Every structure is written in structure tokens, then in C-alpha cells.
Amino acid sequence: MEEWFMALTLFEKVYWVVAGISSVILIILLIMTLLGGDADGVDTDIDTEIEGDMGVEFQFLSFKNLMGFLTIFGWSGIACLDEGLSKFATIAISIFCGLVMMFAMASLFYYLAKLQSSGTLKLKNALHQIGEVYLTIGANRSKIGKVSITVQGTLRELEALTEEPTDLKQGDVVKVKEVTENGILIVELLNT
């Protein structure tokens, strides 16, 4: 193996070293990504009281994409050299192939990240949902209480007010008719 490497020209050695090292690093990065060891800068610990979604940005320049570029740059360069292409053609083709790989990887990770659920609670989804009073709610918006209600597939206890003329007691069935700007539900007694 050592004799084979020593017999290569400096130009060929550069391509083999770049291809070998970047391939190992890229494989490790991809395994870590698939196993959840790396989120590439995306913060997944989002407080459930935040409304709105920060979104995922398209990242063309990242460490993963750089490793993808170097890997394809190296291997396509080796393929060009094996075909006997000139140094200029080898460099041009390997740079082009590397850039295509960077774009493909950036697109892949962008769309994979968009599939990820942020867990952000959107209180607007509570509108018209039916729940149960958990802590007494004062009549005519006099006292904030709590309701147990299913929002986005999860049972939650949320603050609520009512415009009913009487207090809503624990166990009363209510329907959300409005969500205030500060995140308090306005509920009404559901006639059963």
C-alpha cells in the first residue's frame, strides 16, 4: 500500500488524501445525524408557551456540506485521473461535482429538518375545542381559572376566563370561543 501511494504524483496524492479523509468524516457525520447525535444548530428545546415557528433555514455552507463537497471532489477527481483527463479538466469536473453534492446535501438536510415537529403550542388550535373546568373560573371575567383541554393531540391545562353570569366549577364542560392576545382562553358553558 505504501509503495502504491509513493508511486503516485503529488496531484494524485492530494486527491486520494482529500477523498479518504473526507469520506471517513462524512460517514461519521451522517451516522450521527441519523442517530440523532447532531441537529446542526437547530435548537429543539422550544418552550411550549411560545407562539410562532422559527422555521428552518437553507444552509448551503455547513460542515456537513463541506465534507460532502470534499468527498465528491476527491472521488470524482480520482475518476477523472483514471480516465486520463488533463489537470484542468479534472479540477473543473471535481469542483462542479462537489458543488452539486453540496447543493444536494443542503436540500436534503433542509427538507429533513422541515419534517421535524417543533412541539410549539399554537393556542389558536384550541379555538372551538371542548374541555373541562379544572380550577374554578370566575363569572364575568372576574377570576382566571384553568381548563383541561386537548390541543394539538395533547391534554393541557390552560388559563381561562368566561363571560358567563355564574362561576364555572370544576367538572363543567366548556367550549373555547376565543383566544386572547396574551394566551388566555375565553370559554362558555356547553349546554348538555
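Below, a colleague asks a modeller how the descriptions of this predicted model are justified.

Colleague: What makes up the protein, read along the sequence?

Modeller: The protein has four helices and five strands, and along the sequence they follow the pattern α-α-α-α-β-β-β-β-β.

Colleague: How are the five strands arranged, and what is the order in which they run?

Modeller: They form a closed barrel that runs S1-S2-S3-S5-S4, with mixed pairing. Neighbouring strands of this sheet are turned against each other by 55° on average, if direction is ignored.

Colleague: How do you know that S1 and S2 pair, and in which sense?

Modeller: Two strands count as paired if there are at least two bridges between them, and S1 and S2 are joined over four bridges in the antiparallel sense, so they count as a pair. One of the bridges sets Gly131 against its partner Ile149 in S2. On S4, too, the criterion is met, because three bridges join S1 to S4, again antiparallel, and here Glu132 stands opposite Val173 in S4.

Colleague: What makes the pairing of the barrel mixed, if S2 and S3 run antiparallel?

Modeller: Strand S2, residues 145-151, is joined to S3 by seven bridges and the two run antiparallel, with Ile149 opposite Arg156 in S3. Strand S3, residues 154-162, is joined to strand S5, residues 185-189, by three bridges, and these two run parallel. Within that parallel pair, Ala160 stands opposite Leu185, while the bridge partner of Leu161 is Ile186. In general, strands of a sheet pair through backbone hydrogen bonds, either parallel or antiparallel.

Colleague: How many residues lie between S2 and S3 in their hairpin?

Modeller: Two residues lie between them, and one in the turn, Gln152, has a positive phi of about 55°.

Colleague: Which other residues have a positive phi although they are not glycines?

Modeller: His128 has a positive phi of about 70°, and Arg141 has one of about 60°. His128 lies in the loop between H4 and strand S1, residues 130-135, whereas Arg141 is placed in the loop between S1 and S2.

Colleague: Why is His128 called exposed, and why does Arg141 count as partly exposed?

Modeller: The cut-off for exposed is over 50% relative accessible area, and partly exposed lies between that and the 20% under which a residue is buried. His128 has 52%, which is over the upper cut-off, so His128 is exposed. Arg141 has 36%, which falls in between, and therefore Arg141 counts as partly exposed.

Colleague: Why does Val24 count as partly exposed?

Modeller: Val24 has 49% relative accessibility, which is not over 50%, and so Val24 is partly exposed. Val24 is placed in helix H2, residues 10-35, and although Val24 and Thr71 are 47 residues apart in sequence, their C-alpha atoms are 8.9 Å apart in space.

Colleague: How do helix H3 and helix H4 meet, and what is the angle at which their axes cross?

Modeller: The axes of H3, residues 63-82, and H4, residues 87-115, come within 7 Å and cross at roughly 145°, and H3 passes H4 in a right-handed crossing. The contact includes Gly68, Phe69 and Ile72 of H3, and Ile95, Gly98 and Met102 of H4. The residues of this contact divide into 14 nonpolar, seven polar and one charged.

Colleague: Which residues of the largest nonpolar core touch the most other members?

Modeller: That core has 15 residues, and those that touch the most other members are Ile137, Val147, Ile149, Leu158, Leu185 and Val187. The elements that give two or more residues to the core are S2, S3, strand S4 and S5, and S2 gives the most, with three residues. Apart from this core lies another, of eight residues, among them Phe11, Ala19, Ile78 and Met102. In soluble globular proteins, nonpolar side chains tend to be buried together.

Colleague: Which residues does Ile149 contact, leaving aside neighbours within four places in sequence?

Modeller: Among them are Ala126, Ile130, Leu158, Val176 and Leu185.

Colleague: What share of the whole protein counts as buried?

Modeller: Of the 192 residues, 31% count as buried. Among contacts between residues at least 6 apart in sequence, 61% join residues at least 24 apart.

Definitions and conventions. Residues are numbered from 1 along each chain as its sequence is written. This is a predicted model: local features need pLDDT of at least 70, side-chain atom pairs count only at pLDDT 80 or more; totals for chains, interfaces and linings use all residues. Side-chain values use heavy atoms; hydrogens and water are left out. Axes are lines fitted to C-alpha atoms, for helices over the stretch in contact, and angles run from 0 to 180 degrees between N-to-C directions. A crossing is left-handed if the near helix is turned anticlockwise from the far one by less than a right angle, and right-handed if clockwise. Contact means heavy atoms within 4.5 Å. Ala, Val, Leu, Ile, Met, Phe, Trp, Tyr, Cys and Pro count as nonpolar, Asp, Glu, Lys and Arg as charged, and the others, Gly among them, as polar. A nonpolar core is a set of buried Ala, Val, Leu, Ile, Met, Phe, Trp, Tyr and Cys residues joined through side-chain atoms within 4.5 Å. Buried means under 20% relative accessible area, exposed over 50%, partly exposed in between (1.4 Å probe, protein chains only).
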